[in-house]
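I opened a fresh page for this one and kept my notes short. Have a look at the model along with me.

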Amino acid sequence: EEVQTEFMAEELAKAKAILADELQSLRDESSELQQEMSGIESELEEQATFRALAGAKLTELETAESELSEKIELSTRGLRAAEREHASMVERKADLDAELRKLRAENSDLHDVAKAEKEST
């Protein structure tokens, strides 16, 4: 019985040693997993920061696009108004040119009449 108890004590010691080794392996593995998780968490935080910055930049670009569209619309309206004004001025110039030709013709006629009267006297 003493031999059997001694044998069981040795077997128990061996089992404890095996369990202690396995426990240490599990602790080591747990530590490695925690380090990996920490790295993953850091990476996720970086990605979240990047997404936030990208979102802010997108909002900024959308605002700039909207402002540019408004400026283009205002410029287009201004250009159309300038084109209408130019067309009106061209029309007015044509009217003034016609009036000038008429006045020159009248002036020429008056000049001819005055010349004829001068020659007849």
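My entries go from the whole chain to single residues.

**Entry 1: what kind of model**

I began with the origin of the coordinates: this is a predicted model. I kept that in mind for each entry below.

**Entry 2: overall build**

I looked up the secondary structure and found 1 helix and 0 strands in the protein. Next I asked how the radius of gyration compares with the globule rule. The protein comes out at 51 Å, while the rule gives 14 Å for 121 residues, so the chain is more spread out than a compact globule. I then took the box along the principal axes, and the C-alpha atoms fill roughly 175 × 15 × 10 Å. The helix, α1, covers residues 2–120.

**Entry 3: surface**

How many of the 121 residues count as buried, as a percentage? I got 0%. Since buried means under 20% relative accessible area, I went on to look at values for single residues later in these notes. For the whole protein, I noted an exposed area of about 11400 Å², with carbon and sulfur atoms supplying 57% of it.

**Entry 4: charges**

I counted 16 positive and 32 negative charges in the protein. Their mean positions lie 23 Å apart. I also looked for surface patches of charge, and noted a negative one made up of Glu1, Glu2, Glu6 and Glu10. From that patch I picked Glu2 for a closer look: this residue is part of helix α1, and its relative accessible area of 65% makes it exposed.

**Entry 5: salt bridges**

I asked how many salt bridges there are, and the count is 4. I wrote up three pairs, as follows.

- Glu11 and Lys14: their side chains form a salt bridge with an N to O distance of 3.7 Å. Both residues sit in helix α1 and are 3 residues apart, about one turn of the helix. I found Glu11 partly exposed, at 34% relative accessible area.
- Arg77 and Glu73: here the N to O distance of the salt bridge is 3.2 Å. The two belong to helix α1, with a spacing of 4 residues, again about one turn of the helix. Glu73 is partly exposed, and I noted 36% for its relative accessible area.
- Asp97 and Lys93: I read 2.9 Å, N to O, for this salt bridge. Because they are 4 residues apart in helix α1, about one helical turn separates Asp97 and Lys93. Asp97 is partly exposed with a relative accessible area of 28%, whereas Lys93 counts as exposed at 51% relative accessibility. The cut-off for exposed is over 50%, so I made a note of the value for Lys93.

**Entry 6: two distances along the chain**

I wanted some C-alpha distances to set beside the box from Entry 2, and took Ser69 and Leu74 as starting points.

What separates Ser69 from Glu119 in space, given that they are 50 residues apart along the chain? Their C-alpha atoms are 73 Å apart. Ser69 lies in helix α1 and is partly exposed, at 43% relative accessible area.

For Leu74 I chose Ser31 as the partner, 43 residues away along the chain, and the separation of the C-alpha atoms is 64 Å. Leu74 belongs to helix α1, and with 55% relative accessibility this leucine counts as exposed.

**Entry 7: what I take from the page**

I close with the points I would look up again. The protein has 1 helix and 0 strands, its C-alpha box is roughly 175 × 15 × 10 Å, and 0% of its residues count as buried.

Definitions and conventions. Residues numbered from 1 in each chain as written. Predicted model: local features only at pLDDT ≥ 70, side-chain atom pairs only at ≥ 80, totals over all residues. Heavy atoms only, no water. Rg over C-alpha atoms; globule rule 2.2 N^0.38 Å. Buried < 20%, exposed > 50% of the residue type's maximum accessible area, 1.4 Å probe, protein only. Areas by Shrake-Rupley, 256 points an atom, 1.4 Å probe, with all protein chains shown as cover. Lys, Arg positive; Asp, Glu negative; His and termini not counted. Charge placed at Lys NZ, Arg CZ, Asp CG, Glu CD. Patch = residues over 30% accessible without salt bridge, like charges linked within 9 Å, V, L, I, M, F, W, Y side chains within 5 Å.
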